[in-house]
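Good morning, and thank you for making time for this. I would like to take you through one model, and I suggest that we keep the structure on the screen throughout.

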Amino acid sequence: MKEIKNDKLIIEKNLCKGCGICVAFCPKNVLEIKDKKVSIRDLDSCIQCGLCELRCPDYAIYLGGK
Amino acid sequence: MVSKLIDKYYRTDRLPHIWCTGCGNGIVLRSIVKAIDNLGLNKDDICVVSGIGCSSRASGYLDFNTVHTTHGRALAFATGIKFSNPNLHVIVITGDGDCAAIGGNHLIHAARRNIDITTVVFNNNIYGMTGGQYSPATPTGDKGTTAPYGNIDYNFDLCELAKAAGATYVSRSTIYAANMIIKQVEEGIKNKGFSFIETLTICPTYYGRKNSKGNAVDMVTHLKDSAVNISAYEKLSEEEKANRIPIGELYKRNRPEYTEKYESMMKLF
Ligand SMILES: Cc1ncc(C[n+]2csc(CCOP(=O)(O)OP(=O)(O)O)c2C)c(N)n1
Ligand code: SF4
Ligand code: SF4
């Protein structure tokens, strides 16, 4: 069963430096690096754990959109 | 656009920050701010003091009272600030070089006095800002520009140092375990005394490159694999302990705080 999603993943490409930390440690493989920046590969799999936001050194990805 | 948290506590016009791709400093800094947010503290009641180094640039990104001081002297400035206004929550941000090399003496005496300052060390095992010289936290044998064949010094265990000098709250975490940094900073701020919080972070540009540690993801993975919670660490054999780093709350004790002792002394006059 899918959880009810209320916080959408937001990406701010201008801040992303493409380190890949969020991609590597996302437990659901939601993210990927495209053209040296983070990109959403599969939003439907996102469980909104917030680990990408927790470990992004550049504040380029976060939960908070509607 | 940035998250509500970053928008509330950062000088967002200064972003993007100067730190390199994959540098862990931004993770530690967000964790500090998250801890402050969790505690519900008023921004004006906080003063963040830093020394000199990549990590010490952190204070410039924060929308609190902030002071970017001189190399190694953040704790000396912070002591003066705490004395002049003991109601402030004083937080020191410092690098391993800033804190344990040039600033080592300030560290031991701030800890010895048990002054109510929360010190967060961004330990990246190297002098980042000046191009990769080895620091007192560079593991024996590891390389730096000043140790091209490997460092022959023994590295400090910064937490043991702070504990022995008199700190009343001592903890360690890593940028992989950033939730632990948040919790520890909360506890450190709540502790009425000298709190020493070591965060193990990464410098892919200098420490990583000089020591063939791979990219940022490899380095974070290494921190994930080598850090062990203190309760599990204590159960390991000496052999198993060799390649592991204990994290968690390592030490707590009760001792009267310095500015309070000073205030009660002043009443005798
Ligand atoms: C009195 C003085 N001596 C030396 C320097 C040069 N210096 C600037 S930053 C630094 C070391 C920085 O290393 P660390 O504190 O570990 O911080 P990092 O850059 O790794 O975050 C040194 C030696 C200085 N600015 N002032
Ligand atoms: S962690 Fe941040 S900076 Fe690194 S790739 Fe992900 S969004 Fe970009
Ligand atoms: S030199 Fe190292 S510590 Fe400094 S910003 Fe770059 S990665 Fe971070």
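Before turning to the strands, let me fix one term: two strands count as paired if DSSP finds at least two bridges between them. By that criterion β7(B) and β8(B) are paired, since they are joined by 3 bridges, and they run parallel. Within this pair, N229(B) is placed opposite I247(B) of β8(B). I should say at once that the model is a predicted one.

Let us stay with the sheet of chain B. How many strands does the open sheet have, and in which order? There are 8 strands, with the order β2-β1-β3-β4-β6-β5-β8-β7, and the pairing is mixed. The edges are occupied by β2 (65-68) and β7 (227-229) of chain B; each has a single partner strand, so one side of each has no neighbour in the sheet. From one strand to the next, the twist averages 20°.

Two further pairs illustrate the mixed pairing. Strand β3 (residues 89-95) of chain B pairs with strand β4 (residues 117-123) of chain B in the parallel sense, over 6 bridges. Here G95(B) faces F122(B) of β4(B) as its opposite residue. By contrast, strand β5 (residues 169-174) of chain B pairs in the antiparallel sense with strand β8 (residues 245-252) of chain B, over 4 bridges. In that pair V170(B) stands opposite Y251(B) of β8(B). Strand β8(B) therefore has an antiparallel partner in β5(B) and a parallel one in β7(B), two strands being paired when DSSP finds at least two bridges between them.

Next, a helix pair in chain B. Helix α5 (residues 104-113) and helix α6 (residues 158-165) of chain B pack at an angle of about 45°, and their axes are 7 Å apart. That angle makes α5(B) oblique to α6(B). On the α5(B) side the contact is formed by L107(B), I108(B), A111(B) and R112(B), and on the α6(B) side by L161(B), A162(B) and A165(B). By class, 6 of these residues are nonpolar, none is polar and 1 is charged.

Two backbone details in the loops of chain B deserve attention. Most residues other than glycine have a negative phi, and most peptide bonds are trans. Against that background, the bond joining L15(B) and P16(B) is cis, with omega about 0°. P16(B) belongs to the loop between α1 (4-9) and α2 (25-39) of chain B. N125(B), although not a glycine, has a positive phi of about 65°, and this residue lies in the loop between β4 and α6 of chain B.

I turn now to the ligands. Around ligand 2 there are 13 residues, of which C16(A), C19(A), G20(A), C22(A) and C56(A) come nearest. The shell of ligand 2 comprises 9 nonpolar, 2 polar and 2 charged residues. The residues around ligand 3 include C20(B), C23(B), C54(B) and C203(B), together with N124(B). The shell of ligand 3 has 7 nonpolar and 3 polar residues, and no charged ones.

Finally, the interface. Contacts involve 17 residues of chain A and 28 residues of chain B. The two chains bury about 1,900 Å² between them, with 64% of it on carbon and sulfur atoms. Which residues of chain A lose the most area to chain B? They are K17(A), L54(A) and Y59(A), which together account for 37% of what that side buries.

Terms used: Residues are numbered from 1 along each chain as its sequence is written. Chains are lettered from A and ligands numbered from 1 in the order in which they are written. This is a predicted model: local features need pLDDT of at least 70, side-chain atom pairs count only at pLDDT 80 or more; totals for chains, interfaces and linings use all residues. Side-chain values use heavy atoms; hydrogens and water are left out. Axes are lines fitted to C-alpha atoms, for helices over the stretch in contact, and angles run from 0 to 180 degrees between N-to-C directions. Angles under 35 degrees count as roughly parallel, over 145 as roughly antiparallel, 65 to 115 as roughly perpendicular and the rest as oblique. Contact means heavy atoms within 4.5 Å. Ala, Val, Leu, Ile, Met, Phe, Trp, Tyr, Cys and Pro count as nonpolar, Asp, Glu, Lys and Arg as charged, and the others, Gly among them, as polar. A residue is near a molecule or strand if one of its heavy atoms lies within 4 Å of it. Buried area is the accessible area (1.4 Å probe) that two parts lose on being put together, summed over both.
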